[in-house]
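Visitor: I would like to go through this model with you, one contact at a time. Could you show it to me before we begin?

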Amino acid sequence: MKRSPLRRRSRLRAIGRAAARREARLRVLRPLLAERSGGRCEVPWCAKRQKLDPHHIEKRWHGAATDDLQKLLHVCRACHDRFDLPDGHRDSLRVWVETVDGEAWFVFLRQGERLRRKILADGRRLGPVETTLEEALEP
């Protein structure tokens with residue numbers, strides 16, 4: 001049975017409305033991300049300044065909040081593509097949020113090398129890069 005054009009149109013409108021709401025939320029968050037990142041890619045191994053996009057640390061289809069600054073990174077398109085590479089790929093990047101002593105940290109992993117940055121002031125600023133997780137945890 002074919003769907004009527006009216007039913008197809010209403011489904012497309014619903015998808016369009018969801019995308020419009022998502023884009024409206026990102027329109028508000030992009031200036032905050034740009035302020036936090038200083039206009040640079042927030043991946044510690046990169047400092048590109050052009051074509052920055054928000055990267056969701058937890059995937060949206062897993063039910064992650066799209067408007068939480070502590071779950072978003074401002075990354076260049078090259079790094080964004082590297083986050084989507086499969087585990088074990090030589091160029092892949094991984095990032096997650098870790099809580100240590102009540103403080104939130106972005107933890108980055110690239111080819112076995114781990115770096116972390118403290119998330120300051122409700123996600124609006126990041127601290128300096130610490131070289132390895134093990135060194136940072138030692139008293």
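Visitor: Which side chain meets Asp 53 in a salt bridge?

Guide: This is a predicted model, and a search of the whole structure finds five salt bridges. One of them involves Asp 53, where the separation from N to O is 3.0 Å. The partner side chain is that of Arg 77.

Visitor: How many residues apart in sequence are the parts that this pair, Asp 53 and Arg 77, ties together?

Guide: Asp 53 belongs to strand β1, which covers residues 52-56, while Arg 77 belongs to helix α2, which covers residues 77-83, so the salt bridge links a strand to a helix. Asp 53 is buried at a relative accessible area of 18%, whereas Arg 77, at 46%, is partly exposed. The parts that they tie together lie 24 residues apart in sequence.

Visitor: Is Arg 90, at 61% relative accessibility, buried or exposed?

Guide: Arg 90 forms a salt bridge with Asp 91, with 3.8 Å between the closest N and O atoms. Asp 91 has a relative accessibility of 26% and counts as partly exposed. For Arg 90 the value is 61%, and because the exposed class begins over 50%, Arg 90 counts as exposed.

Visitor: Which strands stand at the edges of the open sheet, each with a single partner strand?

Guide: The open sheet consists of four strands, paired in the antiparallel sense and following the order β3-β4-β5-β6. Since a strand at the edge has a single partner, one side of it is left without a neighbour in the sheet. From one strand to the next, the twist averages 25°. The edge strands are β3 (93-100) and β6 (125-130).

Visitor: Which residue takes a positive phi in the hairpin of β3 and β4?

Guide: Strand β3 pairs with β4, residues 103-110, over eight bridges in the antiparallel sense. In this pairing Thr 99 stands opposite Ala 104, and Val 100 has Glu 103 as its bridge partner. Two residues lie between the strands of the hairpin, and the positive phi, near 50°, is taken by Asp 101.

Visitor: What kind of aromatic pair do Phe 106 and Phe 108 form?

Guide: The count comes to one aromatic pair, and the ring centres of Phe 106 and Phe 108 are 6.4 Å apart, with 55° between the planes. Phe 106 is buried, with a relative accessible area of 0%, and Phe 108 is likewise buried at 0%. Because planes under 30 degrees apart would count as stacked and those over 60 as edge-to-face, the pair formed by Phe 106 and Phe 108 is tilted.

Visitor: Where does the charged end of Arg 116 sit?

Guide: The charged end of Arg 116 is placed over an aromatic ring, at 3.4 Å from the centre of that ring. The ring belongs to Trp 105.

Visitor: Which side chain meets Arg 110 in a salt bridge?

Guide: Arg 110 counts as partly exposed at 22% relative accessibility, and its salt bridge spans 3.4 Å from N to O. The partner is also partly exposed, with a relative accessibility of 34%. That partner is Glu 113.

Terms used:
Residues are numbered from 1 along each chain as its sequence is written. This is a predicted model: local features need pLDDT of at least 70, side-chain atom pairs count only at pLDDT 80 or more; totals for chains, interfaces and linings use all residues. Side-chain values use heavy atoms; hydrogens and water are left out. Two strands pair if DSSP finds at least two bridges between them. Axes are lines fitted to C-alpha atoms, for helices over the stretch in contact, and angles run from 0 to 180 degrees between N-to-C directions. Rings of Phe, Tyr and Trp (its six-membered ring) pair if their centres lie within 6.5 Å; planes under 30 degrees apart count as stacked, over 60 as edge-to-face and the rest as tilted. Buried means under 20% relative accessible area, exposed over 50%, partly exposed in between (1.4 Å probe, protein chains only). A charge sits over a ring if NZ of Lys or CZ of Arg is within 6 Å of the ring centre and within 35 degrees of the ring normal. A salt bridge is a side-chain nitrogen of Lys or Arg within 4 Å of a carboxyl oxygen of Asp or Glu.
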